[in-house]
Amino acid sequence: MQSRAGEVSKREIARAFNIRGADRTRLNDLLREMRAKGDLDRGRGRRYGKPGTLPKVGVIEITGLDRDGDPIAALTTWNSDSRPPVIYPKQSRHEAAFAIGDKILARLSPSSDGNYTANTIKRLDSTPRRALGIFQMINGRGRILPTSRRVRTVFIVPPGQENGASQGDLVEGQPIGRRSFGLPEARVTEIIGNAEGQSAASLIATHTHDIPIEFEEKAIAAAEAARPIEAKGRVDLRKVPLITIDGADARDFDDAVWAEKTPDGWRLIVAIADVSWYVRAGTPLDREALKRGNSVYFPDKVIPMLPESLSNGLCSLVPNEDRGCIAAQIWIDKDGNLKRHEFVRGIMRSAARFTYEQVEAAWTGSPDDSTAPLLDGVIVPLYGAFDALQGARIRRGTIDLELSEQRVIIGRDGNVAAIEPVKRLDSHRLIEEFMIAANIAAAEALERKDAHCMYRVHDRPSLEKLEGLREALAPLGITITRGQVIKPQNFQRIVSQAAGRPEMETISMAVLRSQAQAEYNQHNIGHFGLALRRYAHFTSPIRRYSDLLVHRSLITAYNLGDGGLTPEDGEKFADVGKHISATERRAIDAEREANDRYKAAYLNEQVGIEFEAKVNGVHRAGLFITLTDTGADGLVPMSMIGDDQYNLDHKKQQIKACGTGKIFAIGTLLKVRLEEANIQTGSLVFSLVTGTSDRRKRSASRKKRRRGQRKRKERIVKLNKSR
């Protein structure tokens with residue numbers, strides 16, 4: 001099968017190995033065993049192939065664009081448990097551009113990187129099932145302009161089908177199967193809101209990705225009827241000065257921490273909100289939480305996994321209020337190694353709610369009135385335990401990427417007030433290490449009882465992604481030896497080599513893109529990035545359904561009371577893992593797109609302004625760049641790089657000017673001018689600033705083109721008059 005493209009039949013296998021008679025039964029058993037182990041997939045017509053193998057001919061659907069802006073597709077029918085390979089459809093210059101939702105009958109061929117290429121046999125009826133976009137009146141006719149930069153289909157709205165929509169409304173349309181002037185037609189089915197309003201970015205992202213907003217009435221009623229947890233039957237932790245440390249704008253507090261010195265190391269307590277007490281399996285609250293999978297965080301609002309009366313109320317570990325919790329008591333040695341742990345169902349009372357900045361200031365010698373009383377007894381021991389955990393992390397060889405992060409600040413008027421870099425403090429790392437320790441302990445505790453566990457798994461990079469990383473880093477002078485056993489330390493060594501270089505962040509991003517995607521799974525394969533043999537999410541049940549499942553399993557396994565996991569729930573872990581992995585990716589995409597739109601809105605008033613930037617990718621379309629101050633991403637099209645002729649070198653990942661020999665590669669620093677900011681799609685277009693003389697040349701060239709266009713129009717007018 002490895003030597004064959006596509007799938008093969010059982011008859012072809014039998015013929016290849018001259019299998020006859022009773023041996024055919026043994027062949028059936030062998031194929032069945034290989035399918036059970038995941039070594040084979042079964043396709044249509046009793047044909048078999050390697051996991052991820054596609055047929056030679058099939059119907060594909062355009063699903064989006066890759067990071068380079070090329071269209072990608074997927075097979076419309078995929079019955080395997082394995083992840084389908086990515087398909088890159090080939091498009092001739094005479095074909096109409098592919099749009100998301102297009103369906104194509106194509107001839108499929110495997111490529112060397114493990115993906116597939118597709119040659120179009122026939123385009124099928126591919127009108128999208130819905131049209132989400134901005135309603136505009138153009139020349140007296142209604143149109144729906146797409147809000148996604150990946151969708152190019154514009155719909156015409158016939159007279160009488162506007163459904164009350166007006167200029168600038170964000171609408172959802174239903175295609176009606178007719179065409180006007182070559183464009184498909186659609187009727188407006190729903191007016192979602194004003195696309196030019198203050199919350200347009202998050203509104204568009206929410207509806208683009210079908211993120212549930214409203215809770216069903218039974219779930220809201222159950223949340224509002226909930227009452228505070230009583231201390232009876234719980235371990236009393238109210239005298240332990242547990243504190244919460246979160247961002248300044250956090251509203252739900254689901255973890256509190258405490259530490260003390262022991263003769264041979266440290267004792268930690270990580271107390272987590274007992275969401276399982278309120279959200280029982282199979283209830284309306286549980287159905288709503290599962291449907292969402294996780295909370296979604298936008299700069300202007302949060303779409304919570306649970307109703308706010310729980311997420312910001314009874315489940316939130318607010319100061320000086322009794323709250324139920326499930327606490328991990330963890331003992332580590334002086335080197336940060338986990339020695340033992342114990343899980344209890346308790347009741348606690350948070351001693352204080354601190355921000356990361358407050359705790360960091362107190363630790364570095366500037367306590368305020370609220371942190372000073374707890375400095376020696378609480379904050380100093382926390383940093384002592386953190387120092388031990390951090391040492392264990394370094395020795396373990398985890399991947400720590402140097403990536404800058406920007407935070408969009410929304411002002412009181414609802415508009416973007418600023419875009420600020422997020423400072424990475426030791427207080428952030430402290431909480432991260434405490435949460436990792438608790439997550440490891442949860443996975444170990446469930447394994448010890450042979451209980452169901454929703455693992456957080458992260459596979460090692462594929463050979464294809466490693467080869468892609470090798471090619472991306474080679475022009476930067478960083479080599480990856482072929483044939484070696486890849487460990488997390490290899491990637492950390494790459495990041496260390498990049499320290500202090502202009503390309504440091506670009507190299508870190510390339511390493512990140514080479515990694516497999518972390519996901520939730522009932523089967524443990526370890527966490528490659530953290531260099532851990534077992535890992536589960538336990539610390540955020542207010543905002544992640546995976547953590548709620550781990551809580552329920554711990555309750556059942558250790559007889560901690562009501563609200564545990566039933567045998568029927570455990571049997572659904574495979575499907576639930578796939579679902580919550582998908583909702584997590586949905587949230588990440590929606591949050592990123594909303595941030596892009598907010599950045600475009602912020603920069604919309606700065607069209608014509610020059611910025612410092614660096615190249616983060618090259619493509620035949622031009623240079624992908626990132627602005628230094630805001631972190632906004634954009635494109636410098638080939639036509640706006642300069643007046644020279646430019647060629648793309650895929651292998652070296654660079655664009656070279658034919659005349660001057662100037663090279664643009666990943667990490668190249670540039671000065672660019674903002675030419676266009678599209679708020680609805682979040683896309684930014686820049687031109688390269690190359691000097692005064694070049695600007696004059698381009699200006700003269702533009703004037704010459706405009707004169708030529710005017711003369712052509714004049715000739716056409718004269719010709720029409722003569723006719």
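A polar contact is a pair of N or O atoms within 3.5 Å. The views below are taken from a predicted model.

**View 1. The N-terminal end of helix α10 is capped by S462.** A side-chain oxygen of S462 lies 3.2 Å from the backbone nitrogen of K465. Helix α10 itself spans residues 463–473.

**View 2. The buried residues of α10 line one face of the helix.** In α10, the buried residues are L466, L469, R470, A472 and L473. Seen down the axis of α10, these residues fall within an arc of 165 degrees, so they share one face. An α-helix has 3.6 residues a turn, so residues three or four places apart point the same way. The packing partners of the buried residues of α10 are α11 (488–498) and α12 (504–514).

**View 3. The buried residues of α7 lie on the same side of the helix.** Helix α7 covers residues 356–363, and Y356, V359, E360 and A362 are its buried residues. Around the axis they cover an arc of only 160 degrees, which puts them on the same side of α7. They pack against two strands, β15 (243–246) and β22 (352–355), and against two helices, α8 (375–396) and α9 (426–448).

**View 4. G365 follows just after α7.** Its phi is positive, at about 105 degrees.

**View 5. The whole protein gives the setting for the close-ups.** The protein holds 16 helices and 34 strands. Of its 723 residues, 47% count as buried. Among contacts with a separation of 6 or more, 66% join residues 24 or more positions apart. The accessible surface is about 36,900 Å², and carbon and sulfur atoms account for 48% of this area.

Methods
Residues numbered from 1 in each chain as written. Predicted model: local features only at pLDDT ≥ 70, side-chain atom pairs only at ≥ 80, totals over all residues. Heavy atoms only, no water. Buried < 20%, exposed > 50% of the residue type's maximum accessible area, 1.4 Å probe, protein only. Helix = DSSP H or I, 4+ residues; strand = E, 2+ residues; numbered from the N terminus. Arc of directions from axis to C-beta. Contact = heavy atoms within 4.5 Å. Areas by Shrake-Rupley, 256 points an atom, 1.4 Å probe, with all protein chains shown as cover. Polar contact = N/O pair within 3.5 Å; in protein donor to acceptor, adjacent residues only side chain to side chain.
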